[in-house]
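The exercises below ask you to look at a structure one place at a time and to reason from what is found there. Each task is followed by a worked solution that goes step by step.

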Amino acid sequence: MDRIRFQPCELPPNANALRTEVRDFLNKEFADTPPSDRANSWSEGDAEFSKKLGARGWIGMTWPKKYGGHERSILERYVVQEELLAAGAPIALHHIADRQSGPLLMRFGKEAQCLNILPRITKGECYFCIGMSEPDTGSDLAAVRTKAEKVDGGYLVNGSKIWTSQAHMVHFMIGLFRTDPKADKHSGLSQFLIDLKNTDGIEIRPVINLTGRHDFNQVFFEDVFLPEDALIGEENEGWNQVLTELTFERSGPERYMSSQLLMESITREATQNPGERAAVEIGKMVANLASLRQMSLSVASMQQNGEDPAMEGSLVKEIGVNFEQSIPRIAHELFGVEAGLENGSEFEKTYAKINMGAPSFSLRGGTREVLRGIIARRMGIR
Ligand SMILES: Cc1cc2nc3c(=O)[nH]c(=O)nc-3n(C[C@H](O)[C@H](O)[C@H](O)COP(=O)(O)OP(=O)(O)OC[C@H]3O[C@@H](n4cnc5c(N)ncnc54)[C@H](O)[C@@H]3O)c2cc1C
């Protein structure tokens with residue numbers, strides 16, 4: 001049974017100066033952008049903005065210099081992420097590459113893959129998507145059916161991936177495919193690096209979400225040839241590799257900060273003189289936010305120390321998404337706000353976007369029930 005560890009964490013002395021630098025930059029950058037235009041934050045992308053972050057050294061911050069990185073600490077990266085999310089900055093294009101694809105390549109990839117791709121990621125010029133879910137395979141990820149059959153000089157891929165965020169905008173996918181259909185389901189999987197812009201046989205079809213946005217896609221592979229060097233890590237070791245990738249995916253501050261702009265709108269709406277009910281609710285929100293931040297920082301410091309925070313990261317995600325999902329309800333209960341996506345006030349538009357996005361918070365990156373199962377297993381009660 002694993003012990004739950006949330007050690008208090010102090011940010012390093014240089015973090016405050018870095019925070020001020022990032023905040024000043026973001027204040028200037030978004031001085032004229034209303035909150036409702038920033039409400040989707042890490043689902044929204046802007047290529048020019050990604051390049052600006054790259055030029056400032058805020059992508060691949062912890063990576064080695066030989067890969068274009070800046071060899072800064074995980075806690076410094078945390079401060080930058082926190083400020084970007086609080087501002088609702090449009091980070092979607094480079095975020096997955098920075099958060100998980102780059103770190104995965106550094107852990108398991110070939111030196112040539114790293115030298116070729118990572119410097120472009122750090123410049124904010126190269127983006128990735130996640131090729132895990134399939135039409136009949138979401139929570140039960142080990143059941144993926146898309147096949148990568150060994151052929152002369154490489155692999156032939158057939159099948160499809162779904163809910164692939166930003167696949168239509170990005171350069172590469174890291175895909176989880178079945179390489180040994182005879183092995184048991186956890187053993188016959190491998191990860192591949194797929195150049196989406198320069199590979200024949202790939203079709204990317206939009207899947208429009210509840211708000212009318214095109215974020216998701218279904219990606220079809222028909223006799224797609226991948227050369228041998230597209231394999232990441234070892235053949236049939238994909239399951240262990242993907243578990244590492246999911247730890248990178250689940251543990252960051254984006255798992256409790258998705259409703260941040262609505263939280264700020266609530267405090268603005270309550271004015272300097274909130275009634276007792278609003279004051280109590282705002283107090284609870286701030287206390288919850290502060291606790292989650294401490295827990296999440298603690299996870300970041302474990303990563304900094306080379307420990308495995310899989311259970312603590314899952315706990316932050318589970319408690320964090322409950323928190324971010326509760327904010328639209330609080331806005332509605334306190335002020336009776338109704339959704340006004342196109343023509344409402346700033347408050348109504350911000351509420352509408354976050355309220356419609358909120359159901360997905362406990363699905364993306366692994367559902368609530370799956371996360372609870374992981375926590376229970378690690379605690380030895382399942
Ligand atoms: C905004 C968003 C972005 C996403 N982006 C990506 C992406 O870029 N790439 C990608 O690969 N995927 C992506 N996904 C897909 C996401 O990972 C899956 O939706 C998720 O893993 C759940 O899979 P599913 O949708 O097939 O649901 P299912 O697995 O069918 O689950 C349906 C319901 O059953 C419950 N359930 C399933 N199994 C169990 C069990 N054993 N015990 C108890 N309850 C269970 C689930 O918790 C859920 O409530 C994204 C999803 C969202 C919402």
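**Exercise 1: Q166 and its surroundings**

Q166 has a relative accessible area of 7% and is therefore buried, in a model that is predicted. Your task is to place Q166 in the chain and to name the residues with which Q166 is in contact, leaving aside its neighbours within four places in sequence.

Solution. Begin with the burial: the cut-off for a buried residue is under 20% relative accessible area, and Q166 is at 7%, so Q166 counts as buried. Next, find the position in the chain, where Q166 belongs to the loop between β3 (154-162) and β4. Finally, list the contacts, which, once the neighbours within four places in sequence are set aside, are S43, A92, D215 and N217.

**Exercise 2: a buried charge**

Which side chain of opposite charge is nearest to E324, and how far away is this side chain? Describe as well what the side chain of E324 reaches.

Solution. Start with the location, since E324 is part of helix α10, which covers residues 310-335. Then consider the charge: the nearest side chain of opposite charge is that of R364, at 4.2 Å. A salt bridge requires a side-chain nitrogen within 4 Å of a carboxyl oxygen, and E324, although buried, has no salt bridge. The side chain of E324 does, however, reach the backbone nitrogen of S258 at 2.8 Å. To complete the picture, note that, apart from neighbours within four places in sequence, the contacts of E324 include Y256, M257, S258, F361 and R364.

**Exercise 3: pairs that link distant parts**

How many salt bridges does a search of the whole structure find? Take the pairs E111 with K66, K185 with D140, and R378 with D308, and work out which parts of the chain each pair links.

Solution. The search of the whole structure finds 25 salt bridges. As background, side chains of opposite charge can pair when their charged atoms come close.

- In the pair of E111 and K66, the side chains meet at 3.2 Å, N to O. Because E111 lies in helix α6 and K66 in the loop between α3 (47-56) and α4 (74-87), the pair ties together parts that are 45 residues apart in sequence. E111 is partly exposed at 37% relative accessibility, whereas K66, at 52%, counts as exposed.
- In the pair of K185 and D140, the closest N and O atoms are 3.0 Å apart. K185 sits in the loop between β4 (172-178) and β5, and D140 in the loop between β1 (128-131) and β2 (147-151), 45 residues apart. K185 is partly exposed at 35% relative accessibility, and D140 is partly exposed at 39%.
- In the pair of R378 and D308, the N to O distance is 3.3 Å. R378 is in helix α12 (residues 368-378) and D308 in the loop between α9 (276-304) and α10, so parts that are 70 residues apart in sequence are tied together. R378 counts as partly exposed at 27% relative accessibility, as does D308 at 40%.

**Exercise 4: the second largest pocket**

Which element gives the largest share of the lining of the second largest pocket?

Solution. First take the volume, which is about 260 Å³. The lining is made up of 15 residues, and those nearest the centre of the pocket are Q113, L193, P227, D229 and A230. Two or more lining residues come from each of α6 (111-122), β5 (189-195) and β7 (216-227). The largest share, 4 residues, is given by α6.

Key
Residues numbered from 1 in each chain as written. Predicted model: local features only at pLDDT ≥ 70, side-chain atom pairs only at ≥ 80, totals over all residues. Heavy atoms only, no water. Buried < 20%, exposed > 50% of the residue type's maximum accessible area, 1.4 Å probe, protein only. Lys, Arg positive; Asp, Glu negative; His and termini not counted. Polar contact = N/O pair within 3.5 Å; in protein donor to acceptor, adjacent residues only side chain to side chain. Contact = heavy atoms within 4.5 Å. 1 Å grid on protein atoms, 1.4 Å probe; cavity = no way out; pocket = protein on both sides within 12 Å on 5 of 7 lines; lining within 4 Å. Points joined across faces, edges and corners; volume = space filled by probe spheres on them.
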